[in-house]
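Here is a short tour of one model, written to be read with the structure open beside you. Please keep the viewer at hand as you go.

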Amino acid sequence: MKHLKFYLFAIILFPFAVDANAQSKQQKMHFSDEVLRDVEFDYLLYLPGDFNAEAEQTYPLMLFLHGSGERGNDLELVKKNGPPKVADEMDLPFIILSPQCPEIIKWEVDKVKVLLDQIIAEYPVDISRIYITGLSMGGYGVWEMITDYPNLFAAAIPVCGFGYPFRLEGVKNLPIWVFHGALDNVIPIDYSLHMVAALKKLAAPVIFTIYPDADHDSWTETYNNPEVYEWLLQQKKNK
């Protein structure tokens with residue numbers, strides 16, 4: 001695929017308004033399940049500018065899983081990269097759920113699913129347009145979550161992640177857009193190459209974007225690209 005370039009302030013290319021002086025539009029929240037007491041998350045929740053809980057409208061939801069450097073108990077870290085960073089600068093037409101992974105561990109997707117189910121139950125989510133994306137360790141989380149819950153999402157965007165090609169049979173019909181830097185020396189591009197090759201063998205609708213000059217940071221250009229959000233909004237699954 002052609003290498004995509006995007007300049008953050010080129011408003012004519014981005015359908016969402018920039019508000020660089022606004023305070024954070026994301027709520028800092030905490031979740032603890034009363035039954036499964038080992039499920040506990042701090043998380044950011046972004047609601048689109050036209051959000052109206054009283055209306056009959058439903059909204060697409062994007063689940064974002066951050067990388068290893070944003071683990072801990074400071075939600076400001078989660079805003080360093082990806083959709084939570086973009087959402088503080090631009091209006092995005094999604095409910096965006098951004099949990100924070102505790103220190104030391106990797107994403108435990110069964111626990112993320114408990115939180116996601118709670119948000120779906122509490123907010124007017126369009127269940128035909130639930131999306132997942134993540135970077136680095138979060139890219140791993142994306143691959144894990146879609147293979148564990150293959151019928152949940154309408155589309156997935158793993159960025160410089162890693163996964164297990166033998167698990168992909170269940171997601172062969174899921175639209176997936178993979179991103180990776182060719183010079184990545186943290187998670188080598190071979191991980192994504194193997195996943196994409198396995199999906200192509202399954203005739204899956206996969207797109208693969210390689211940034212030839214990028215190292216591990218293949219997420220800045222990805223999440224600053226308006227085509228990524230436009231592509232997501234075009235994906236819809238049968239309820």
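The report below goes from the central strand pairing to the nonpolar cores and then to the salt bridges. Please bear in mind that this is a predicted model.

**Strand β7 and its partners**

Let us begin with β7, residues 176-181. Six of the six residues of this strand are buried, so β7 is largely enclosed by the rest of the structure. In a regular strand the side chains alternate between the two faces of the sheet. Here I176, V178 and H180 lie on one side of β7, with W177, F179 and G181 on the other, and both faces are covered.

What does β7 pair with? Two bridges link β7 to β6 in the parallel sense, and V159 is found opposite F179 of β7. With β8 (residues 206-211), β7 shares six bridges, again running parallel; there H180 stands opposite I210. Between β7 and β8 the chain passes through helix α4 (residues 190-201), making a right-handed β-α-β crossover.

**Two nonpolar cores**

I176 also brings us to the interior. The largest nonpolar core holds 44 residues, and the members touching the most others are L63, I132, I146, F153 and I176. Helix α2 (residues 109-122) supplies the largest share of this core, six residues. If you click on I146 and set aside its neighbours within four places in sequence, you will find contacts with I132, F153, A156, V171, L174 and I176. Another core, of 26 residues, lies apart from the largest one and includes V86, A214, W219 and Y223.

**Salt bridges**

Side chains of opposite charge can pair when their charged atoms come close. The model has nine salt bridges, and three of them are listed here with the distance between the closest N and O atoms.

| Pair | N to O distance |
|---|---|
| K79 and D88 | 3.7 Å |
| E108 and K111 | 3.2 Å |
| R167 and D148 | 2.4 Å |

How do these pairs sit, buried or exposed? K79 and D88 are both buried. K111 is buried because its relative accessibility, 18%, is under 20%, whereas E108, at 34%, counts as partly exposed. R167 has a relative accessible area of 26% and is partly exposed, and D148 is partly exposed at 34%.

The R167 and D148 pair links two elements: R167 lies in the loop between β6 (155-159) and β7, and D148 in helix α3 (residues 137-148), so the salt bridge ties together parts 19 residues apart in sequence. Elsewhere, shared partners join E76, K79 and D88 into one salt-bridge network.

Methods. Residues numbered from 1 in each chain as written. Predicted model: local features only at pLDDT ≥ 70, side-chain atom pairs only at ≥ 80, totals over all residues. Heavy atoms only, no water. Salt bridge = Lys/Arg side-chain N within 4 Å of Asp/Glu carboxyl O. Buried < 20%, exposed > 50% of the residue type's maximum accessible area, 1.4 Å probe, protein only. Helix = DSSP H or I, 4+ residues; strand = E, 2+ residues; numbered from the N terminus. Core = buried A, V, L, I, M, F, W, Y, C linked by side-chain atoms within 4.5 Å. Contact = heavy atoms within 4.5 Å. Pairing = 2+ DSSP bridges. Right-handed = clockwise from strand over helix to strand, strands pointing away.
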